[in-house]
Amino acid sequence: MSAPPPSPPPQPPPPTLVQPAPRKPAPRRRLWWHRLIFGLWYRPVEVLDEARDRSAWSAAVLLSLISGAIGVLSVDAFHTQWAVDRTAGLQLIGLAEAGVLLASFVLGAVAHAIARTLGGIGRFAPTASLFIVLFWVTDLPRLMIAAWLPTDATFVQAATWTTWGFGYVLAILLIRGQHHLSTWKSAAAVSVQMLAALALLRLGPVR
């Protein structure tokens with residue numbers, strides 16, 4: 001018996017002018033401010049990676065106002081002024097809040113400017129706003145403790161150095177991720193601000 005003839009090779013599909021639509025990347029889920037604030041404490045690397053190239057001005061303003069209010073309410077001079085003239089006390093709170101907001105913005109802007117000077121490629125809004133957020137997130141425990149205990153107390157000093165060190169590390173991670181710099185350049189980009197904050201805000205008198 002003769003072998004059956006070989007089957008013809010499969011024909012390619014006919015050409016078509018209709019091309020499949022490209023798949024759109026999955027949308028990034030919204031990073032709510034409470035997830036950002038609390039996440040910096042128990043999963044900071046993941047949160048900073050998720051927050052990359054995102055602005056967080058609402059959380060930055062909220063934390064600045066809360067921190068400024070705690071700082072003012074813990075000063076004895078404010079309580080004296082409040083007992084004498086409550087209108088003047090409210091004006092003092094307003095001025096303090098405005099000063100904290102301005103100082104916070106300057107800290108974030110300087111961090112971004114130095115990072116760009118060192119070769120960073122990050123955008124201003126994410127860098128500045130996230131720097132403000134992590135700065136006050138890490139300082140809030142120190143502020144609340146110093147509101148009840150003397151500044152020179154051992155526990156307050158320990159909290160000051162611990163929260164400052166944690167904030168410094170987070171600031172380095174932030175600049176490294178936002179601006180794609182090396183760890184050493186990222187540390188240099190935030191050293192001036194963190195050392196100034198340590199000297200003026202955290203180790204300075206709060207009463």
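**Exercise 1. Is G99 buried, partly exposed or exposed, and at what relative accessibility?**

*Solution.* The model examined here is predicted, and the assignment is made on its coordinates. As a first step, place the residue: G99 belongs to helix α5. As a second step, take its relative accessibility, which is 39%. Since the partly exposed class runs between 20% and 50%, G99 counts as partly exposed. As a last step, look at a residue remote in sequence: S64 is 35 residues away from G99 along the chain, while the C-alpha atoms of G99 and S64 are 9.8 Å apart in space.

**Exercise 2. Describe the overall make-up of the protein chain, from secondary structure to contacts and surface.**

*Solution.* Begin with the elements: the protein chain has eight helices and zero strands, and reading along the sequence gives the pattern α-α-α-α-α-α-α-α. Next, turn to burial, where 40% of the 207 residues are buried. Then consider the contacts between residues at least 6 apart in sequence, of which 71% join residues at least 24 apart. Finally, the protein chain exposes about 12500 Å², and carbon and sulfur atoms supply 70% of that area.

**Exercise 3. Identify the residues that touch the most other members of the largest nonpolar core, and work out which elements contribute to this core.**

*Solution.* The largest nonpolar core holds 39 residues, and the members that touch the most others are L36, L40, F131, V133 and V190. Two or more residues come from each of α1, α2 (44–50), α3 (57–73), α5, α6, α7 and α8 (183–202), and among these α6 gives the most, with 10 residues. To see how one such member is surrounded, set aside the neighbours of V133 within four places in sequence; V133 is then in contact with L36, L40, A56, A59, A60 and L63. As background, nonpolar side chains in soluble globular proteins tend to be buried together.

**Exercise 4. Starting from the ring geometry, classify the pairs W41 with F166 and F131 with F135, and say how far apart in sequence the partners of each pair lie.**

*Solution.* A pair of aromatic rings is described by the distance of the centres and the angle of the planes. The search of the whole structure finds eight aromatic pairs. For W41 and F166, the ring centres are 5.1 Å apart and the planes stand at 25°, so this pair is stacked. Because W41 lies in helix α1 (residues 33–42) and F166 in helix α7 (residues 154–179), the pair ties together parts that are 125 residues apart in sequence. Both partners have some accessibility: W41 is partly exposed at 39%, and F166 is partly exposed at 24%.

For F131 and F135, the centres are 6.5 Å apart and the planes again stand at 25°, so this pair is stacked as well. Here the partners are four residues apart in helix α6 (residues 124–146), a separation of about one helical turn. F131 and F135 are both buried.

**Exercise 5. Locate the nonpolar patch on the surface, and find the element that gives the most to it.**

*Solution.* The patch is formed by W57, L102, F105, V106, V110 and F124, which together have about 490 Å² of accessible area. Helix α5 (residues 86–117) gives the most to the patch, with four residues. One residue of helix α5 is F105, which is partly exposed with a relative accessible area of 39%. The aromatic side of the description follows from a separate result: W57, F105 and F124 form one aromatic cluster.

**Exercise 6. Find where D53 and H180 lie, and compare their phi values with the general expectation.**

*Solution.* Most residues other than glycine have a negative phi. D53, in the loop between α2 and α3, has a positive phi near 65°; with a relative accessible area of 40%, D53 is partly exposed. H180, in the loop between α7 and α8, has a positive phi near 55°; at 53% relative accessibility, H180 counts as exposed.

**Exercise 7. Decide whether W164 is buried or exposed, and give its C-alpha distance from R142.**

*Solution.* W164 is found in helix α7. The cut-off for a buried residue is under 20%, and the relative accessibility of W164 is 11%, so W164 counts as buried. W164 and R142 are 22 residues apart in sequence, and their C-alpha atoms are 9.1 Å apart in space.

Definitions and conventions: Residues are numbered from 1 along each chain as its sequence is written. This is a predicted model: local features need pLDDT of at least 70, side-chain atom pairs count only at pLDDT 80 or more; totals for chains, interfaces and linings use all residues. Side-chain values use heavy atoms; hydrogens and water are left out. Buried means under 20% relative accessible area, exposed over 50%, partly exposed in between (1.4 Å probe, protein chains only). Contact means heavy atoms within 4.5 Å. Accessible areas come from the Shrake-Rupley method with a 1.4 Å probe; for residues, only the protein chains shown count as cover. Patches are made of residues with over 30% relative accessible area and no salt bridge: like charges are joined within 9 Å, nonpolar side chains (Val, Leu, Ile, Met, Phe, Trp, Tyr) within 5 Å. A salt bridge is a side-chain nitrogen of Lys or Arg within 4 Å of a carboxyl oxygen of Asp or Glu. Rings of Phe, Tyr and Trp (its six-membered ring) pair if their centres lie within 6.5 Å; planes under 30 degrees apart count as stacked, over 60 as edge-to-face and the rest as tilted. A nonpolar core is a set of buried Ala, Val, Leu, Ile, Met, Phe, Trp, Tyr and Cys residues joined through side-chain atoms within 4.5 Å.
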